[in-house]
Amino acid sequence: MIAEALKGKTILVTGSTGFLGKSIVEKCLRSIPEVGRINLAIRSSARRPASERLEREVLSSPAFKRLKEERGEAAFAKLVAEKLAVVEIDLGRDGLGLSDAGREQLRACEIVIHSAAAVEFDNPADLSAQTNLLGAARMVEALKATGTRPHLVHVSTAYVGGMLRGLVREEAPHDPGLNWRHEAAVLSSLRGPVEEESRQPEILKRLGREARSRMGPAGTPAVARATERLRDRWVKDRLIERGRVHANAMGFADIYSFTKAMAEHAVVELHGDIPLSIVRPSIIESALEEPFPGWLEGFRMAEPLILAFGRGILRDFSGLPDSVLDIIPADFVVNTVLAVAANPPPDEKPRIYHAASGSRNPLRFRGMADEATKYFAKHPLRDRYGQAIGTPHWTYPTREELATRARTALRFVEAAQWVVERLPLGASVADMSDDLNAERERLDRGLNLIQLYGVYTEVDCIFDTRNLMSIWDKVPEAERKTFPFDASLYDWEHYFQDVHFPTVVRMSRAETVARKGKQPTGSTAVKSESSSVRAAIERRKGRSDVLAVFDVDGTLVETNVVEYFLWMRLRAQPINEWPGFMAQMLREAPRWLYLERRSRAEFQRSFYREYNGLDYEVMKGLGREALDAVTLRRIYPEGMRRIREHKRAGHRVLLLTGALDVVVEPLAELLDVEVDCAHLLVKEGRLTGDLQAPPPAGEARGTLLEEYAARNGIVLAESFAYADSLSDLGMLELVGTPVAVNPDARLSQVAGQRGWRVERWRMAPGNWRLPMPDPRSLEYREAVRR
Amino acid sequence: MPRPGAVIEVDRNTPPVLFHFGEGVRLEKLPLGARIVYPPDPLEPIAHPERAIKRALAKPLEDDPLKSLLRRGMKLTIAFDDLSLPLPPMAAPDVRQLVMEEVIDMAAEAGVEDIHLIAALGLHRRMTEDEIRHIVGERIFSTFWPDRLYQHDGEDPELNVYVGKTAEGEEVTLHRRAAESDLVVYVNLTLVPMDGGHKSMSTGLASYRGIRAHHNAKTLLASRSYMNPPDSALHHSCIRQGQLIEDTVRVFHIETTVNNHAFPAIANFMQKRETDWSARDQAMFLAMKQMTDLAPPAFKRSVFHAMRAPYGMTSVQAGQVDAVHDKTMEAVRNQLSVRVEGQTDIVTMGVPYLGPYNVNSPMNPILVICMGVGYMFNFYRNKPVLRKGGVLILTHPCRCEFDAVQHPSYIDYYDEVLSDTRDPIEIEKKYEQRFAEDPWFRQLYRKSHAYHGIHPHYAWIWAAHGIDHAGDIIIVGGDREVVHHLGFKAATTLEDAFEMAEQTVGRYPSVTHMRMPPIMLADVE
């Protein structure tokens, strides 16, 4: 009856690049061989035209794998050419931005399935209004303009009724007395005022301060960019907030269901004599059977919750444990839509159908949690150390209670982070900083989940499906196997244990296998995280236009400019002068720490003044001695290996550092690589403490690198950079393969955000020494005597 | 008359026995019936070493007196052993200093002006100025350093000349200065039977090209043991190379031996048998045990490495290499030999804080194995004290510690090679060339104070025969992860180690404890 009714029909599907849309297209192609033609409404994006989007975003999806396998590639291509066509439709423009050809295509359609929507619960208010509300209205208007009367199947959501209790019937949604046109106008014009607000001095200053504290050492342009990013984020958050508050005030869970409800009002009002059916799915999750068990794209509602549960991020969750959590497998929704499409209403009165499981096969919230406990007990996720994570036991407190708890914890973690970021310990607190970051992320995500989804676990209603069941009753036995959509046909245990949970875990790429082959503590052996960089080196073998640029202090050697200075000065002084000298250094320490945090360049400038008046040749000699005594002892063996790998691959290697020539040049000479470092002005054989050029920190580092690349014909996009601190950001950003080595807390965050490789290099165990010469050695005594 | 070495059977009255434990010591109770092998007491040193040296130079073996070989205008090169000998370093004056001063005086008398002194360190690390000064003495150092007293560099493309090939195809290289000299005087100090003879020149002044001829797994597995030259393929190869060198350049060998008085008064208890410990020795032991149990490793190391051995010279002979070396071997055997009857199922040994390659640095895990399973295991003649397939039990903390300056290539070897394979032959195939030719290690060897890139491999294959011979190797008190990484078993206590050994050697194994150092050579019948 379904296949028969759709035989020879021309169907338009909007939202076909989305999960539901492409599932519908796939099912039509596979199960309704005699369908006339399927027009896919796709908008050309800034990057690619509509036809390319069809290829890349629809047809290459795993959803079509089964079809390709069953028919063979050639037959599939033929089928696509025969049945599928693209209509360029832009729901964001009045009249849908149709060309003449497009209008003709639209006119030919006998069935229109409107499944385009911005489905995230936390979209900005204006985006939701544009896509969900105005998009639907424009679609109906455009259909009316063609003068034809295709059957319009509008895909909505079961939550358009807002937060109701008890039975929700398949009727027009409740009307809080709102005018959808007015709502649309208000919501979509929100952005302007918010943008303006974001540029007010107080706010811009606050964002600027935050950007400086995060990115200060990276230089002015980086701070400016960070400020702009923060402002953008602020605007988006503000719009999301406005949308959520507005929706909540109107009795809706979120902006998504609110705009969908308004859209229903609009469609019902506008449809005129066009036959209209509305399908309201509840929470759509992975497919039970078709095109393959577990077919799912993108994370939808329950997945983040399930993963958070498995990862132990949500140690507790709010909600009513006995409430019905209305989940419906995607293939059942697809079949519902097709069945509805095959049964147009006989009159102008719109028909409404719930695609929901609650009335036929109720799943309790506690039931899902129990299934999850069972599943993750058998297949635990693993943390970054490869340890199995235990599943939490949920006690279902109220949402407010839970949110308060999370916020309090978050405040503590943020305070700890504030302290750790300001510790002058660099990479040595990296682990602690990472842990805090992870904890903060955990709390942040938990809080977010509570805000977004908590409300759905408190829904105390059941969606009536009698309208839909009346269609089901008409479906002949033979076709019920091809197009099942009765929710009582499956068993939740099977669905979760065998289909959904495995899919979610697979898609999240969470660690599920214990790692083997642990290295001894303190080992500097090659670690797995370095393999991708090594592969990149291998790929660019033999290319002399590839550069590997290394920072030195903290990246190749566990030292800083202060330690070298200490060592060289102590070396040149008799031991009885040491205490006075040390006391003087300690007095200056707080000021240096402060400067270091603000800007690496300022710190270096200030610190190098200490060299004022020292004999250049003597310092050069001491620098050479420091090579054996300090540098080589504190070197990272992995760094040395990496440099050699680059050299073996034929790449150029450059040390780019703010350290002084007297200590870096001996190392560069030994390594046989080029070096660009700081030089102090020399007057009559003595150092003046003034730099010859601005210190290569912050953006200056980027410029230096660019200059070098231009001079030597280096392709930076194919090059590598290794650095440990935010002040090297300018350099890291320029190259194709940036590697954060032992990053400090702030660089670690940046690297995490941008997906840069992070490696931890260590000194060989047992080599830590105070940065002072051995006062008992003959060599020291000789040197002092001289 | 000093007591010879002895084998004592543990009975109810036997006190617990000393085990060296890196920079520390342990007293362990051995099972009844176990044997403890003690080294001989130090032989009486020669009363007037200077006179003995003069005598040896004046009446050399199968060669003309040194004086007659010296003449004005000649090129004279003095090569001497590096700081890997003796262990621990000798209290000043070093025997080599005495010999060299005598040779230089003699040369000066003869009007020789062109004198160079070369530290024959082979592929060992360059010594620091302090270390060289300790060996040659202040007088020579201030006169010759750095232009005419310097260290061999096996990677200098200019300074190593190819001498030729032996009948067996072994390549021979030599330091250019030595090759071009009219006379080379080699000043040796022999502590163990492995040292001296032809091996001095053929490894000390050679490059990797020459050394690889015998420093390889095949040769070492055929050296049973390399502490007994007649049974050592390593020495046969060195002799062939040495003979080729003697054909090319005139070499006058001076070899010295010292007794085994390895520990100064402060650690006198290490020198003595436990039954002989006085109250003072007991107190010193307790004090040291407390200190080493509590102190951080770096502090312990500085205390231990500051120890200088009060070695006494027991013989000096000069002249033609074979004649000289025969006498040297005789003197060494007199000092070191202990007769041991038959092999046992288990052999226990305490690995001390010091081996030839970690003077002034921590003993890294590879060197622990080189010392315990390599050198100490190989102190035998005829056959090992351990029966084939028996269990070797060592005590050492075996911490994951590497000296970044001296042992950079060891770090890579440990991390990259040993996590891949521990089989010497396979390592040679896959990694030898890479480590030997690594430019960074080459630079560190030449310019800094690092062992050659290939050196960790030599340290590892030094233990190849021991690993092959033992059915199981257990390291008591070793860091578990490190010991596993090396491919052995770790035990917390000696009792646990005996329990673990039961699987290999049964419930009632025979046990021998080699109580060294002071070192000894087990003559197994």
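The radius of gyration is taken here over C-alpha atoms, and the globule rule is 2.2 Å times the number of residues to the power 0.38. For the 525 residues of chain B in this predicted model, the rule gives a value near 24 Å for a compact globule, so the 22 Å of chain B agrees with such a fold. The C-alpha trace of chain B spans about 70 × 55 × 45 Å along its principal axes. Chain B is built from 22 helices and 20 strands, and 58% of its 525 residues are buried. Among the contacts in chain B with a separation of 6 or more, 80% join residues that lie 24 or more positions apart.

Turning to chain A, helix α24 (residues 600–608) offers a nice local example of packing. Its buried residues are A:Arg600, A:Ala601, A:Phe603, A:Gln604, A:Phe607 and A:Tyr608. Because these residues cover an arc of only 160 degrees around the axis, they sit on the same side of α24(A). Their packing partners in chain A are two helices, α22 (561–571) and α23 (578–598), together with the strands β13 (652–660), β14 (674–678), β15 (680–683) and β16 (686–691).

The two chains also meet each other, in a contact that takes 25 residues from chain A and 26 residues from chain B. On the chain A side, the elements giving two or more residues are α26 (637–648), α27 (661–671) and α31 (778–785). Of these, α26(A) gives the most, with four residues. By residue class, the side of chain A that touches chain B divides into 13 nonpolar, seven polar and five charged residues.

Notes. Residues numbered from 1 in each chain as written. Chains lettered and ligands numbered in written order. Predicted model: local features only at pLDDT ≥ 70, side-chain atom pairs only at ≥ 80, totals over all residues. Buried ≥ 20, exposed ≤ 12 C-beta atoms within 10 Å, placed from the backbone. Arc of directions from axis to C-beta. Contact = placed C-beta atoms within 7 Å. Nonpolar A, V, L, I, M, F, W, Y, C, P; charged D, E, K, R; others polar.
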